[in-house]
Amino acid sequence: MNEGETFIRPLFPSDLEQLKALHEACFPIQYEKHYFQNAVHGRAGMRSWAAIHPCRTSGDAEEARSQNQVVGFVIARVNSAWDLTPEEHVGLGLAPTDGTHLLYILTFGVHEKWRRRGLGDQLVQALVGYSRLNGLRCIYLHTLDQNEAAQRFYRHAGFVAKLEIPRYYSLA
Ligand SMILES: CC(C)(COP(=O)(O)OP(=O)(O)OC[C@H]1O[C@@H](n2cnc3c(N)ncnc32)[C@H](O)[C@@H]1OP(=O)(O)O)[C@@H](O)C(=O)NCCC(=O)NCCS
């Protein structure tokens, strides 16, 4: 098997099954199938990117074919400041009537074997590039208090913790 260099690109509809499997490995919570379909089709304001590891399966030279392995993903949604809760307005320093748009990170994951190689950072760069190009005011997210790895990762990427919201996630 020949291995190429990992790269970032938008998620494609053909990535659906790999995305679901990787998402489930990163987040052991059931997500609606519409969530993934909207992500890969760019519906409901969703924008998503994948970290792709190209592998060439060898054998007969003529049969050799490229297989793209999804080793990381970020799924985000373009929100209007109107959609924020009052406490989020305060946390993000935006007026409730501010018509600005923001990029909200819904889920973000890198395959366990591929972590600490900078893929998370590259996915953040895709978000930053998209936000700049589209005049989005900021990128924001929620994360669990106990998820120290994610907090360190986001801090390293330049995010700043603004607000503590008790019981934001109701995990059974
Ligand atoms: C959080 C996550 C996406 C990071 O992806 P990654 O590809 O490993 O991140 P990077 O390699 O780009 O890390 C960049 C920097 O962030 C920090 N960082 C990342 N993971 C870290 C960890 N587990 N512990 C401490 N710092 C960490 C480091 O400063 C790292 O730089 P370094 O490796 O040179 O020290 C990945 O750990 C993950 O998928 N976790 C499970 C799902 C999750 O919790 N997602 C976030 C909540 S939505």
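This passage describes the surroundings of the ligand, a pair of strands and the residue Asn38. The structure is a predicted model, in which local features need pLDDT of at least 70 and side-chain atom pairs count only at pLDDT 80 or more, while totals for chains, interfaces and linings use all residues. Residues are numbered from 1 along each chain as its sequence is written.

Of the 19 residues around the ligand (a residue is near a molecule if its C-beta atom, placed from the backbone, lies within 6 Å of it), those that come nearest are Arg115, Gly120, Asp121, Ala149 and Arg152. At least two residues of this shell are supplied by each of strand 5 (101-110), helix 4 (119-133) and helix 5 (148-156), where helices (H or I, at least four residues) and strands (E, at least two) are DSSP runs numbered from the N terminus. Helix 5 provides the largest share, five residues.

Strand 5 also runs parallel to strand 6 (residues 139-140), to which two bridges join it; two strands pair if DSSP finds at least two bridges between them. Leu103 has Ile139, in strand 6, as its bridge partner.

Asn38 lies in helix 2 (residues 33-41) and counts as partly exposed because it has 18 C-beta neighbours inside 10 Å, the class between buried (20 or more other C-beta atoms within 10 Å of its own) and exposed (12 or fewer), with C-beta atoms placed from the backbone. When neighbours within four places in sequence are left aside, Asn38 is in contact with Arg43, Ala44 and Met46, contact requiring that the C-beta atoms of two residues, placed from the backbone, lie within 7 Å. The C-alpha atoms of Asn38 and Arg56, which are 18 residues apart along the chain, are separated by 29 Å.
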